[in-house]
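Please open the model in your viewer and keep the sequence panel beside it, with the cartoon and the side chains ready to switch on. The tour proceeds by selections, each followed by a description of what is there.

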Amino acid sequence: MIKPDLGTKRVCPSCAARFYDLQKRPIECPKCAFSFEPEMLLKQRRTRVPEPVKAVVAEADDKGATIAAAYIALRPGNKAGDALANEIKEHAAKSLPRFKRPQRIHFMEALPRTATGKVQRFKLRQMSMENRGQAPIS
Ligand SMILES: [Zn+2]
């Protein structure tokens, strides 16, 4: 049975809930109250460029001091190397407080994730421990 008064079926870009928009503008998600325009969705879909996925974890440096280390999942076309590492550090210098800026950058094909897409930070810490032969800092 068709119910035209329900409007169009939408997927919330914030929480992924599925709902009918009831022909309201802007559309409001009944689950998380995120509101958006249908045009916005189209524009985003057209221009969305995947960013390198990254996670920052605390790690020990050679002297045992805590530093921030970034784990970067490369997107196709990006090459791991000093140029990209420096670019990321420069960007971090502009946007992050000093203690959060990654001092060490590890490139990987993909970050370890749970079934729901969350980055598994404990695995990154485990990796940094294995890389360095010392206990990770959480
Ligand atoms: Zn939502």
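**First stop: the hairpin and its sheet**

Select Val53, and opposite it you will find Ala73 in E6; strands (E, at least two residues) and helices (H or I, at least four) are DSSP runs numbered from the N terminus. Before going further, note that this is a predicted model, in which local features need pLDDT of at least 70 and side-chain atom pairs count only at pLDDT 80 or more, while totals for chains, interfaces and linings use all residues. Residues are numbered from 1 along each chain as its sequence is written.

Move next to Ala58, whose bridge partner in E6 is Ala68. E5 and E6 pair in the antiparallel sense over eight bridges, where pairing requires that DSSP find at least two bridges between two strands. In the hairpin that these strands make, five residues lie between them, and Gly64 takes a positive phi near 90 degrees.

Now widen the selection to the open sheet, which three strands form in the order E5-E6-E7 with mixed pairing. Its edge strands are E5 (53-60) and E7, each of which pairs on one side only. From one strand to the next the twist averages 25 degrees, with axes taken as lines fitted to C-alpha atoms (for helices over the stretch in contact) and angles running from 0 to 180 degrees between N-to-C directions.

**Second stop: helix H2**

Add H2, which packs on the sheet and touches E6 and E7, its direction making about 135 degrees with that of E7. The 14 residues of this helix (residues 82-95) should span 20 Å at 1.5 Å a residue, and the end C-alpha atoms are 20 Å apart, which agrees; the expected span is 1.5 Å times one less than the number of residues. H2 is hardly covered, since one of its 14 residues is buried, a term that calls for 20 or more other C-beta atoms within 10 Å of a residue's own, with 12 or fewer making it exposed, values in between partly exposed, and C-beta atoms placed from the backbone.

**Third stop: the core and Pro112**

Which residues make up the largest nonpolar core? Select Val57, Ala69, Ala70, Tyr71, Ile72, Ile105 and Leu124, the seven that form it; such a core is a set of buried Ala, Val, Leu, Ile, Met, Phe, Trp, Tyr and Cys residues joined through C-beta atoms within 7 Å. Strand E6 (residues 66-73) supplies the largest share, four residues.

Centre on Tyr71, which, leaving aside neighbours within four places in sequence, has contacts (C-beta atoms, placed from the backbone, within 7 Å) that include Val57, His106, Met108 and Leu124.

From Leu124, go to Pro112, 12 residues away in sequence and 7.6 Å away in space, C-alpha to C-alpha. Pro112 sits in the loop between strand E7 (102-108) and helix H3 (121-132), and it counts as partly exposed because it has 17 C-beta neighbours inside 10 Å.

**Last stop: the whole chain by confidence**

Colour the chain by pLDDT, the predictor's confidence in each residue from 0 to 100: the mean is 81, and 82% of the residues reach 70 or more. Confidence is lowest in helix H1 (residues 38-47), at a mean of 64, and highest in strand E2 (residues 18-20), at 94. Where pLDDT is low, the predicted coordinates should not be read in detail.

Key. Contact = placed C-beta atoms within 7 Å.
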